[in-house]
Amino acid sequence: MPTVQVRLPAQPKNYEIKIGRGVLSKLGREARAVLGPDARRIALISNSTVFGLYGKQALQSLKAADFKSTHWLMPEGEQHKSLRSWQQALEFLSKKELERGDAVVSLGGGVVGDVAGFAAASYLRGIAFIQAPTTLLAQIDASVGGKTGVNLSAGKNLAGAFHQPHLVLIDTQTLRTLPRREITAGWCEAVKQGAVGGRKLFNQTRRLLSKIGADFSLWLDQEKSQGEVCATIAAHCSFKAAIVAGDERENIKRTDARSRRILNFGHTTAHALERLTDYRRFRHGEAVGYGMLVAAELSKNIGMLAPGELESLRDAVRLCGPLPPAGDLATDSIIQAMSYDKKSVGGVTKWILLERIGRPVIIDGKEIDKPTLRTSLRAGLSGSVKVS
Ligand code: NAD
Ligand code: GLY
């Protein structure tokens with residue numbers, strides 16, 4: 001099966017990302033291989049939707065590998081990526097008497113992965129963690145790189161820990177049941193990674209997007225298409241793994257084009273949009289779709305990005321699918337919401353902009369005047385993409 005190595009400077013933290021159709025049935029065997037013969041218990045954390053679809057298969061596989069497994073289903077939705085869910089997860093782990101040699105497995109999207117990972121990072125000061133991501137967004141991005149955490153009332157991802165998984169097992173077959181909006185959201189994050197990662201990754205993603213059309217699950221049923229999806233997911237994981245290997249903890253002093261901070265392209269606006277709408281209107285990836293357009297408009301308006309490059313990005317975002325409307329949100333409220341962003345340094349918002357596709361630049365928010373920011377927000381959030 002296609003495998004991506006994540007090589008981190010501290011050797012024991014190296015791990016593999018294994019990608020393939022149907023690999024969830026090998027979860028137990030793969031977990032045993034990385035956890036060793038002494039691991040006894042696995043706590044599977046999921047939600048009822050994902051568990052209803054894939055829980056039985058995961059538990060059977062764990063049982064076949066001699067794990068005693070137990071599961072906890074967290075409530076669904078970004079609003080539950082919270083301290084309360086984290087506490088409930090910890091209480092669950094302690095009630096089930098998990099020990100230092102045991103492990104947490106997350107089965108679900110980025111929300112489940114971030115909460116389960118944070119629980120694994122903090123329970124007994126850190127136990128092993130395995131990611132089995134089931135959304136496109138989590139497969140190309142959230143499950144890789146060790147960021148875990150929850151939201152606080154002041155903003156997204158404000159509490160958390162870096163805790164690298166022992167293994168990431170990506171079953172592309174799980175994408176067949178993913179709702180259309182979640183697929184769009186995942187593709188938006190893929191376009192983001194291409195936009196900052198390089199023209200090759202951007203074009204590979206765009207090419208696949210233009211072939212897929214409206215029905216991803218039908219497309220996934222074909223053998224050849226599965227191969228292309230696996231290859232594209234692997235390319236995204238390789239890109240992210242390389243960035244994480246070079247800057248695991250997102251050094252805030254770095255401003256170069258390989259710094260982990262470049263992965264936040266589009267996120268300054270995205271987090272503000274999510275917060276302003278109480279995490280209810282946008283899927284995270286959809287908000288990133290808009291966020292990229294705003295950042296690219298800004299890049300063009302300050303003379304950094306050629307109009308043709310902006311058009312390529314717009315086109316790629318359009319191919320991802322329709323986004324919820326955003327044009328009604330007050331520009332000043334969005335700017336206000338940006339001030340809570342965790343990417344701020346010294347109280348100043350940092351922007352990831354583009355010089356060209358594959359060439360991100362980190363700049364200080366002080367360098368951007370309010371009228372230019374307002375114009376860019378209006379252009380990025382108004383109708384240049386399909387609106388659902
Ligand atoms: P999500 O976890 O909310 O999942 C989306 C929805 O899809 C949920 O309702 C879920 O139940 C459902 N679902 C999941 N898999 C399914 C499947 N195979 N079939 C049917 N339904 C399925 O959303 P997401 O987009 O996966 O993750 C977003 C979160 O990830 C955000 O909180 C974001 O901040 C976080 N994130 C984290 C990182 C990181 O590095 N840790 C990176 C990017 C995003
Ligand atoms: N999604 C941003 C990061 O993992 O750093």
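The following paragraphs describe the surroundings of two ligands and one helix in a predicted model.

Local features were accepted only at pLDDT of at least 70 and side-chain atom pairs only at pLDDT 80 or more, whereas totals for chains, interfaces and linings use all residues. Side-chain values rest on heavy atoms, with hydrogens and water left out, residues are numbered from 1 along each chain as its sequence is written, and chains are lettered from A and ligands numbered from 1 in the order in which they are written.

A convenient place to begin is ligand 1. Its shell holds 28 residues, of which Glu 76, Glu 78, Thr 135, Lys 156 and Thr 177 come nearest; a residue counts as near if one of its heavy atoms lies within 4 Å of the molecule. The shell divides into eight nonpolar, ten polar and ten charged residues, where Ala, Val, Leu, Ile, Met, Phe, Trp, Tyr, Cys and Pro count as nonpolar, Asp, Glu, Lys and Arg as charged, and the others, Gly among them, as polar. Helix H2, helix H4 (110-122), helix H5 (136-142) and strand S8 (155-162) each supply at least two of these residues, and the largest share, four residues, comes from H2. Helices (H or I, at least four residues) and strands (E, at least two) are DSSP runs, numbered from the N terminus.

Nitrogen atoms of ligand 1 lie 2.7 Å from a polar side-chain atom of Thr 177 and 2.9 Å from one of Asp 114, while an oxygen atom of the ligand lies 2.9 Å from a polar side-chain atom of Arg 283. Taken alone, ligand 1 exposes 870 Å², and the protein buries 93% of that (Shrake-Rupley areas, 1.4 Å probe).

Ligand 2 is surrounded by Asp 141, Lys 147, Lys 240, Glu 250, Arg 260 and Leu 263, a shell with one nonpolar, no polar and five charged residues. Oxygen atoms of ligand 2 are found 2.6 Å from a side-chain N or O atom of Lys 240 and 2.7 Å from one of Arg 260; for Asp 141, the distance to a nitrogen atom of the ligand is 3.4 Å. On its own, ligand 2 exposes 200 Å², of which the protein buries 89%.

Turning to helix H1 (residues 27-35), Leu 27, Gly 28, Glu 30, Ala 31, Arg 32 and Leu 35 are buried, that is, under 20% relative accessible area (1.4 Å probe, protein chains only). The cover over these buried residues includes helix H2 (48-64) and strands S2 (15-20), S3 (41-46), S5 (103-108), S6 (128-133) and S9 (167-171), with contact meaning heavy atoms within 4.5 Å. Just after H1, Gly 36 adopts a positive phi of about 90°.

Conventions: Buried < 20%, exposed > 50% of the residue type's maximum accessible area, 1.4 Å probe, protein only. Polar contact = N/O pair within 3.5 Å; in protein donor to acceptor, adjacent residues only side chain to side chain.
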